[in-house]
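Here are my comments on the model you sent. They go from the overall fold to single residues. Please read them beside the structure.

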Amino acid sequence: MTVTVWILALALFCIFEGLIPFVAPEKWLDSVREIGRVARPETVRKIGLGLLLVGVGTIWLLTS
């Protein structure tokens with residue numbers, strides 16, 4: 001996998017991450033505030049770990 005592919009992947013990630021705040025900033029802010037109000041740090045950590053595992057697993061499957 002070349003550096004170009006990684007840069008393109010990062011660019012695509014930025015597009016997806018920026019899409020919702022651009023299209024619906026008020027709803028996005030409300031959602032983030034609500035998550036911050038009700039979520040416990042352990043829950044957020046577990047979700048983050050799950051997303052990391054899915055991402056690493058997907059990369060591993062596609063590149064092996």
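**Notes on the model**

1. Fold. The protein chain has three helices and zero strands. Read from the N terminus, the order of elements is α-α-α. This is a predicted model, and the points below should be read in that light.

2. Confidence. The mean pLDDT of the protein chain is 90. A score of at least 70 is reached by 100% of the residues. Among the elements, helix H2 (residues 25-38) has the highest confidence, with a mean of 93. Confidence is lowest in helix H3 (residues 41-63), where the mean is 89.

3. Overall dimensions. What radius of gyration does the protein chain have, when a compact globule of 64 residues would be near 11 Å? The value is 15 Å. The C-alpha trace spans about 40 × 30 × 15 Å along its principal axes.

4. Burial. How many of the 64 residues count as buried, in percent? The figure is 0%. I would state this plainly in any description of the chain. The exposed surface of the protein chain comes to about 6000 Å². Carbon and sulfur atoms supply 75% of that surface.

5. Charges. The protein chain carries 6 positive and 5 negative charges. The mean positions of the two sets lie 7 Å apart.

6. Helix H3. This helix has 23 residues. From first C-alpha to last, H3 reaches 33 Å. That is close to the 33 Å expected at 1.5 Å a residue. H3 is hardly covered, and its count of buried residues is zero.

7. Glycine 57. This residue lies in helix H3. Is glycine 57 exposed or partly exposed? Its relative accessible area is 25%, so it is partly exposed: the buried class needs under 20%, and the exposed class over 50%. Glycine 57 and aspartate 30 are 27 residues apart along the chain. Their C-alpha atoms are separated by 31 Å.

8. Leucine 8. Its place is in helix H1 (residues 3-23). Leucine 8 counts as exposed because its relative accessible area is 56%, and the cut-off for that class is over 50%. Proline 25 is 17 residues from leucine 8 in sequence. In space the two are 25 Å apart, C-alpha to C-alpha.

9. Methionine 1. Where does methionine 1 sit? It is in the segment before H1. The relative accessible area of methionine 1 is 62%, so this residue is exposed too. Methionine 1 and leucine 29 are 28 residues apart along the chain. The distance between their C-alpha atoms is 36 Å.

10. To sum up. The model is predicted, with three helices and zero strands. Its average pLDDT is 90. The radius of gyration is 15 Å, against a value near 11 Å for a compact globule of 64 residues. Of the residues, 0% count as buried.

Terms used. Residues numbered from 1 in each chain as written. Predicted model: local features only at pLDDT ≥ 70, side-chain atom pairs only at ≥ 80, totals over all residues. Heavy atoms only, no water. Helix = DSSP H or I, 4+ residues; strand = E, 2+ residues; numbered from the N terminus. Rg over C-alpha atoms; globule rule 2.2 N^0.38 Å. Buried < 20%, exposed > 50% of the residue type's maximum accessible area, 1.4 Å probe, protein only. Areas by Shrake-Rupley, 256 points an atom, 1.4 Å probe, with all protein chains shown as cover. Lys, Arg positive; Asp, Glu negative; His and termini not counted. Charge placed at Lys NZ, Arg CZ, Asp CG, Glu CD. pLDDT = per-residue confidence, 0-100. Expected span 1.5 Å × (residues − 1).
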